[in-house]
2 protein chains.
Amino acid sequence: MAHAVSPLAPPTFPTLPPVKGVRLATASAGIRYQDRTDLLVAELAPGTTVGGVVTKSLTASAPVDMCKANIKGGKARVLVVNAGNANAFTGQKGITAVETTVSGATRLFGCKRHEVFVSSTGTIGVPLQAEKIVAVLPAAQSALKEDDWTAAAKAIMTTDTFAKAATRTATIDGVPVTINGICKGSGMIAPDMATMLAYIFTDAALEPAAVQTLITAGANKSFNCVTVDGDTSTSDTLLMFATGQAKHRFVSSAVDPRLTEFRVKLDDLLIDLAKQIARDGEGATKFVEIRLSGADNDSAARRIAMSIANSPLVKTAIAGEDANWGRIVAAVGKAGEKANRDRLAITIGGVIVARAGEAVAGYDEAPVTKHMKGQEILIEVDVGIGKGAATVWTCDLTHGYIDINGSYRT
Amino acid sequence: MAHAVSPLAPPTFPTLPPVKGVRLATASAGIRYQDRTDLLVAELAPGTTVGGVVTKSLTASAPVDMCKANIKGGKARVLVVNAGNANAFTGQKGITAVETTVSGATRLFGCKRHEVFVSSTGTIGVPLQAEKIVAVLPAAQSALKEDDWTAAAKAIMTTDTFAKAATRTATIDGVPVTINGICKGSGMIAPDMATMLAYIFTDAALEPAAVQTLITAGANKSFNCVTVDGDTSTSDTLLMFATGQAKHRFVSSAVDPRLTEFRVKLDDLLIDLAKQIARDGEGATKFVEIRLSGADNDSAARRIAMSIANSPLVKTAIAGEDANWGRIVAAVGKAGEKANRDRLAITIGGVIVARAGEAVAGYDEAPVTKHMKGQEILIEVDVGIGKGAATVWTCDLTHGYIDINGSYRT
């Protein structure tokens with residue numbers, strides 16, 4: 001299970017400040033992993049509002065179903081996340097396991113059932129022994145503290161090779177607020193809203209509807225623009241908690257002009273986290289940014305960009321450091337969105353390699369080949385139809401992906 | 001470029017009888033490969049009717065555009081196929097190259113432009129030197145003969161590790177007719193109608209509309225049910241030629257009851273060829289059949305089955321001989337078609353492993369693990385909604401795929 005840290009990992013783990021109204025603890029529940037933490041508990045101050053988006057998978061897990069239902073209530077007091085078992089495709093046992101965890105949390109924290117959010121990540125189809133989680137909850141509660149975000153990010157990892165977190169500050173009404181985010185994800189990454197598990201915490205004071213609007217819009221620009229293998233998880237969950245502990249006046253609408261800076265910083269944080277997931281794509285050796293322009297509209301642009309990002313032939317060519325733009329053409333063609341073959345233009349590493357439907361005359365592959373040998377690959381494609389644009393992120397497809405996924409359960 | 005023959009290759013190349021009205025020749029035009037044939041010429045008797053389906057790729061190649069236009073005429077006299085260069089994304093040069101080949105063929109064979117069919121397969125984005133094809137056409141014409149289908153199947157190979165062909169006989173009006181087929185394809189296989197290049201020849205006497213109906217219906221049950229990597233080619237072309245040399249009365253409709261046996265045999269041949277393509281999937285070590293049932297309708301079943309067949313996580317698990325049915329659940333969930341998570345049933349190698357939304361109690365992995373170690377993997381999935389069913393074929397995803405595709409152009 002242990003794999004070397006991705007060569008694309010950020011050099012250091014960021015220092016996350018406390019977020020007023022959030023206390024964290026981690027524990028070793030022994031669900032699947034030995035000798036590591038596998039449980040994260042976050043206590044949220046009374047009054048915390050919540051919004052989120054979950055997978056559109058039609059085989060979503062029991063915890064996802066529960067989060068989806070509880071998001072509607074708009075209030076949150078406790079978050080419990082376990083790694084090692086996804087509690088997905090576990091039938092009635094799965095629902096019971098969620099209820100067991102929720103009951104344990106409500107007893108201990110004196111909150112309502114709809115204020116508890118549970119996530120599970122790991123193997124699919126194995127019943128989750130929720131009593132192991134409940135058993136360690138009291139100790140976790142005693143250990144709650146405002147810092148150590150590193151431990152929190154580590155406790156939710158599965159095949160991740162590095163812990164993922166980001167922080168931003170913004171002002172609302174001149175009052176500084178903090179936004180912290182942690183996430184995990186490395187394979188089965190083609191979120192149909194959000195990727196695997198991601199949690200955003202802020203001390204801003206926001207109406208639940210505002211949180212929901214902000215996080216949905218942010219997800220569309222970040223987690224929904226990243227793919228590792230085109231496989232959508234049964235467990236994808238992105239939740240944002242706003243504790244309301246910052247001293248600005250309560251904000252009730254996402255379009256309130258006072259949120260302008262906050263929105264920019266939130267989106268920036270979400271994109272930061274999403275890129276970290278692509279950087280930890282299973283077996284990744286290269287981080288790939290695909291900028292698509294000239295499409296019929298932005299959705300069409302995203303679909304074409306994703307078609308390129310998910311093409312095994314494009315991804316293996318990148319792994320082989322081969323500027324094989326013919327495969328990019330094929331991936332554009334299969335996306336099913338309008339593209340003008342004879343106006344298509346492709347730029348790799350800033351060098352235009354194809355224009356007006358054919359290779360650029362006298363095109364010198366040398367600078368492009370040099371770019372392909374680097375760790376950060378930039379591919380720009382204009383499909384010559386309209387003004388639709390999108391940017392997506394992915395990684396290459398290497399022997400490492402096969403190694404990791406040919407032996408995940410053994 | 002040379003890779004070991006797929007372990008899944010059929011033990012022998014089938015013996016194909018002549019088809020009255022078809023003569024074949026191969027040549028070495030030196031388009032890209034050295035020391036091998038790279039050109040196939042088929043001469044078709046006057047009166048030959050034709051039907052076909054081509055890629056739905058929006059970046060289809062110039063030869064594909066031309067075939068699509070000429071199919072409408074319903075008549076064929078010459079087929080010219082080259083390997084090594086796909087003449088795709090080559091702009092106006094690509095159209096000119098097709099015209100050069102067509103002109104050479106019409107001069108030599110004394111036929112009309114719309115009776116010539118040209119296909120090209122190989123690298124995308126490199127201008128095709130059609131004069132090299134035209135230069136060897138006269139020698140090819142002199143060498144035309146009724147047999148040596150092996151040479152024909154070999155001349156159109158690219159990354160294929162074995163030549164692919166199949167033959168069937170049927171009777172129409174009590175008159176025996178022959179159906180021969182050859183095809184190529186190994187990567188960039190997720191045909192959106194037909195896979196790479198496939199040519200069917202029969203001496204049956206059929207109206208063009210009947211040929212078209214038969215081949216479209218057959219493609220939907222065969223080539224459109226095979227995938228290697230989810231990547232749709234710019235060059236997919238499936239053509240069927242009916243020379244009309246058999247002595248039965250001319251058939252003008254595909255639904256004529258006299259074609260009952262012919263249709264069964266044609267579909268059987270197409271499925272045979274399609275399976276051979278999955279067996280030669282780049283890097284394949286296991287042939288995988290996915291039988292999907294219980295879907296809303298047959299199209300939904302096919303989409304779900306393809307979602308499983310294209311999942312890198314399912315394919316790498318199979319390569320790792322891991323009966324990881326949780327990944328099958330996830331692939332069902334991401335397909336976007338109706339599925340009842342709590343009625344889903346999964347059978348691997350004939351052993352039911354999950355039923356009613358969870359693992360079968362006391363399920364013994366041993367016989368399934370044994371099945372996974374074999375070369376022929378059977379996965380049956382019932383999604384518990386309706387009566388829609390589909391069967392698709394694919395192969396596993398291995399280090400071999402990465403090896404082949406990380407270095408295709410070098």
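## The nonpolar core

In this predicted model, the largest nonpolar core takes in 286 residues. Four of them have the most contacts inside it: A:Ile304, A:Val332, B:Ile304 and B:Val332.

B:Val332 is a good place to begin looking around. Setting aside its neighbours within four places in sequence, B:Val332 is in contact with B:Ile304, B:Ser307, B:Ile308, B:Ala339, B:Leu344, B:Val381 and B:Val383, and also with A:Thr59 from the other chain.

## Where the chains meet

Across the interface, 55 residues of chain A are in contact with 55 residues of chain B. On the chain A side, the elements that give two or more residues are helix H2 (91-109), helix H8 (312-319), helix H9 (325-334), strand E13 (358-359) and helix H11 (399-405). Among these, H9(A) gives the most, with 8 residues.

What is the make-up of the side of chain A that touches chain B, in nonpolar, polar and charged residues? It divides into 21 nonpolar, 24 polar and 10 charged residues.

## How the two copies are related

Chain A can be laid on chain B by a turn of 180° with a shift of 0.0 Å along the axis, and the RMSD is then 0.1 Å. The two copies are therefore related as by a two-fold rotation axis.

If you would like to find that axis on screen, look for A:His399: in chain A, its C-alpha is the nearest to the axis, 2.8 Å from it. The same surface serves both copies, as 100% of the contact residues of chain A recur in chain B.

## An open sheet in chain A

Turning to chain A by itself, 5 strands form an open sheet with mixed pairing, in the order E3-E9-E8-E7-E6. Its edge strands are E3 (49-54) and E6 (164-172), each of which pairs on one side only. From one strand to the next, the twist averages 15°.

At one edge, E3(A) pairs with strand E9 (residues 237-242) of chain A in the antiparallel sense, over 6 bridges. To line the two strands up by eye, start from A:Thr49, which stands opposite A:Ala242 in E9(A).

## Helices lying on the sheet

Which strands of the sheet does helix H1 of chain A lie across? Helix H1 (residues 62-71) lies across E3 and E9 of chain A, running at about 135° to E3(A).

Helix H6 (residues 260-279) of chain A lies across E6, strand E7 (175-184) and strand E8 (197-202) of that chain. Its direction is at about 175° to E6(A).

Definitions and conventions: Residues numbered from 1 in each chain as written. Chains lettered and ligands numbered in written order. Predicted model: local features only at pLDDT ≥ 70, side-chain atom pairs only at ≥ 80, totals over all residues. Core = buried A, V, L, I, M, F, W, Y, C linked by C-beta atoms within 7 Å. Buried ≥ 20, exposed ≤ 12 C-beta atoms within 10 Å, placed from the backbone. Contact = placed C-beta atoms within 7 Å. Helix = DSSP H or I, 4+ residues; strand = E, 2+ residues; numbered from the N terminus. Nonpolar A, V, L, I, M, F, W, Y, C, P; charged D, E, K, R; others polar. Pairing = 2+ DSSP bridges. Axes fitted to C-alpha atoms, helices over the stretch in contact; angles between N-to-C directions. Least-squares fit on C-alpha atoms with pLDDT ≥ 70 in both.
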